[in-house]
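Here are my notes on the model you sent. They are set out as numbered points, to be read beside the structure.

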Amino acid sequence: MHPGVKIGDTRGCPLPGLATDMDQDFNFSVGRSREALKRIHRILDPFFDEKVMDFTILVWWEVERKSLIGGY
């Protein structure tokens, strides 16, 4: 997971964000990604062991589809 805005930024990774948008070509984008990642780090960092430099945490993703264009 890392910050980014457009689909080309993903490199196959989820992009965190606190807002979404759609450009003129109807491609989704993420807003306030760095702020979202900082919030995630505040939650996960206490689990990080610097001696091991690795940890595993189970994450559930919930996707909700909402219409951004009236009526669809």
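The points below deal with confidence, the strands and their turn, the salt bridges and a surface patch.

1. Status and confidence. This is a predicted model, and its average pLDDT is 82, with 85% of the residues scoring at least 70. Among the elements, helix 1 has the highest mean pLDDT, 91, and strand 1 the lowest, 88.

2. Strand pairing. Strand 1 covers residues 19-22 and strand 2 covers residues 28-31. The two run antiparallel and are joined by 4 bridges. Two of the facing positions can be named here: Thr 20 is opposite Val 30, and Asp 21 has Ser 29 as its bridge partner in strand 2. In a regular strand, side chains alternate between the two faces of the sheet.

3. The hairpin turn. Strand 1 and strand 2 make a hairpin, with 5 residues between them. Phe 26 belongs to this loop and has a phi near 65°, a positive value in a residue other than glycine. Most residues other than glycine have a negative phi, so the backbone at this position deserves a look. Phe 26 counts as exposed because its relative accessibility is 55%, and the cut-off for that class is over 50%.

4. Asp 23 in the loop. Asp 23 also sits between strand 1 and strand 2. A polar atom of the Asp 23 side chain lies 2.9 Å from the backbone nitrogen of Asn 27. The same side chain takes part in a salt bridge with Lys 6, where the closest N and O atoms are 3.7 Å apart. This pair links distant parts of the chain, since Lys 6 is in the segment before strand 1 and lies 17 residues from Asp 23. The C-alpha atoms of the two residues are separated by 9.6 Å. Lys 6 is partly exposed, at a relative accessible area of 42%.

5. How many salt bridges does the model contain? The count is 3. Besides the Lys 6 and Asp 23 pair, there is one between Glu 35 and Arg 32, at 3.1 Å from N to O, and one between Arg 39 and Glu 35, also with its closest N and O atoms 3.1 Å apart.

6. The network around Glu 35. Arg 32, Glu 35 and Arg 39 are linked in a network of salt bridges, with Glu 35 paired to Arg 32 and to Arg 39. Helix 1 spans residues 33-44, and Arg 39 and Glu 35 are about one helical turn from each other because they are 4 residues apart within it. Arg 32, by contrast, is found in the loop between strand 2 and helix 1. Which exposure class does Glu 35 fall in? Glu 35 is partly exposed, at 32% relative accessibility. Arg 39 is partly exposed as well, with a relative accessible area of 39%, and Arg 32 is partly exposed with 47%.

7. Backbone at Arg 32. Phi of Arg 32 is near 55°, which is positive in a residue other than glycine. Phe 26 also has a positive phi. The position of Arg 32 is the loop that leads from strand 2 to helix 1, and its side chain meets that of Glu 35 in a salt bridge. I would mention the phi value and the salt bridge together when describing this residue.

8. Nonpolar surface patch. Met 1, Val 59 and Trp 61 make a nonpolar patch on the surface, of about 330 Å². Met 1 lies in the segment before strand 1. Met 1 is partly exposed, with a relative accessible area of 42%, and therefore passes the requirement of over 30% for patch residues.

Note on methods:
Residues are numbered from 1 along each chain as its sequence is written. This is a predicted model: local features need pLDDT of at least 70, side-chain atom pairs count only at pLDDT 80 or more; totals for chains, interfaces and linings use all residues. Side-chain values use heavy atoms; hydrogens and water are left out. Patches are made of residues with over 30% relative accessible area and no salt bridge: like charges are joined within 9 Å, nonpolar side chains (Val, Leu, Ile, Met, Phe, Trp, Tyr) within 5 Å. Accessible areas come from the Shrake-Rupley method with a 1.4 Å probe; for residues, only the protein chains shown count as cover. A salt bridge is a side-chain nitrogen of Lys or Arg within 4 Å of a carboxyl oxygen of Asp or Glu. Buried means under 20% relative accessible area, exposed over 50%, partly exposed in between (1.4 Å probe, protein chains only). pLDDT is the predictor's confidence in each residue, from 0 to 100. Two strands pair if DSSP finds at least two bridges between them. A polar contact is a pair of N or O atoms within 3.5 Å; within protein, one must be able to donate a hydrogen and the other to accept it, and residues adjacent in sequence count only if both atoms are side-chain atoms.
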